[in-house]
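Reader: Got a minute to go through this one with me? I'd like to talk salt bridges before anything else.
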Amino acid sequence: MAYWLVKSEPDAFSWDQQVAAGVEPWTGVRNHLAKRHLMAMRVGDLALFYHSNVGKAVVGVVEVVREAYPDPTAEPGSPWVAVDVKTVGPFPRPVTLAEMKVSPRLEGLALLRQSRLSVMPVSPEHWRTICAMGGFKT
């Protein structure tokens, strides 16, 4: 199993919308590195759901339930892909970007180095640290 972080602006697609949908395609990624990360995701992988722009916090966990396929929101024939993710559960306490930046245990976290990337891998150590900070039981 691999761990990931997926970012969404809550005014475009929020955690509450993910919860209401249950399973939702993760569409709209238009960065080639983020696309490669989507293509590397496998069924059963887990991802931190991060609210970007407004909130700037990890708010929940989703599970990959369908691997990469052509993004239905992209132009036909374009290289963009989507994966389907299923709601696993909310963080009892959101973990803010500000908290992550000052945690020595999160040194090297991709979110802190490549803040604009919308899909990124998370190491098992960083996963455990962020989940512990938010009170999420894995």
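Reader: So how many salt bridges does the structure hold?

Author: There are 5 salt bridges in it. Keep in mind that this is a predicted model.

Reader: Fine. Which residue does glutamate 67 pair with?

Author: Its partner is arginine 42, and the closest N and O atoms of the two are 3.6 Å apart. The pair ties together distant parts of the chain, 25 residues apart. Glutamate 67 sits in strand S4 (residues 57–70), while arginine 42 is in the loop between helix H2 (32–40) and strand S3 (46–51).

Reader: And how exposed is each of them, glutamate 67 and arginine 42?

Author: Glutamate 67 has a relative accessible area of 32%, so it counts as partly exposed. Arginine 42 comes out at 41%, which is also partly exposed.

Reader: Why "partly exposed" at 32% for glutamate 67?

Author: Because buried means under 20% and exposed means over 50%, and partly exposed is what lies in between. Glutamate 67, at 32%, falls in that range.

Reader: OK, next one. What N to O distance do you get for glutamate 99 and arginine 93?

Author: That salt bridge comes out at 3.0 Å, N to O. Glutamate 99 is partly exposed at 25% relative accessibility, and arginine 93 is partly exposed at 37%.

Reader: Anything inside a helix? Where do glutamate 125 and arginine 128 lie?

Author: Both are in helix H5 (residues 124–134), 3 residues apart, which is about one turn of the helix. They form a salt bridge, with the closest N and O atoms 3.9 Å apart. Glutamate 125 is partly exposed here, with a relative accessible area of 46%.

Reader: Switching topic: pockets. What volume does the largest pocket have?

Author: About 570 Å³. It is lined by 21 residues, and the closest to its centre are Lys7, Ser8, Glu9, Ser52 and Ser118.

Reader: Which strands each supply at least two residues of that lining?

Author: Strand S1 (3–8) and strand S2 (23–26) each do. The largest share comes from S2, with 3 residues.

Reader: And what's the make-up of the lining, in terms of nonpolar, polar and charged?

Author: It divides into 9 nonpolar, 7 polar and 5 charged residues.

Reader: Great, that gives me plenty to look at.

Conventions
Residues are numbered from 1 along each chain as its sequence is written. This is a predicted model: local features need pLDDT of at least 70, side-chain atom pairs count only at pLDDT 80 or more; totals for chains, interfaces and linings use all residues. Side-chain values use heavy atoms; hydrogens and water are left out. On a 1 Å grid over the protein atoms alone, a cavity is a set of points where a 1.4 Å probe fits but cannot get out, and a pocket is an open set with protein on both sides within 12 Å along at least five of seven lines; lining residues have an atom within 4 Å of a point. Grid points are joined across faces, edges and corners, and a volume is the space filled by probe spheres set on the points. Helices (H or I, at least four residues) and strands (E, at least two) are DSSP runs, numbered from the N terminus. Ala, Val, Leu, Ile, Met, Phe, Trp, Tyr, Cys and Pro count as nonpolar, Asp, Glu, Lys and Arg as charged, and the others, Gly among them, as polar. A salt bridge is a side-chain nitrogen of Lys or Arg within 4 Å of a carboxyl oxygen of Asp or Glu. Buried means under 20% relative accessible area, exposed over 50%, partly exposed in between (1.4 Å probe, protein chains only).
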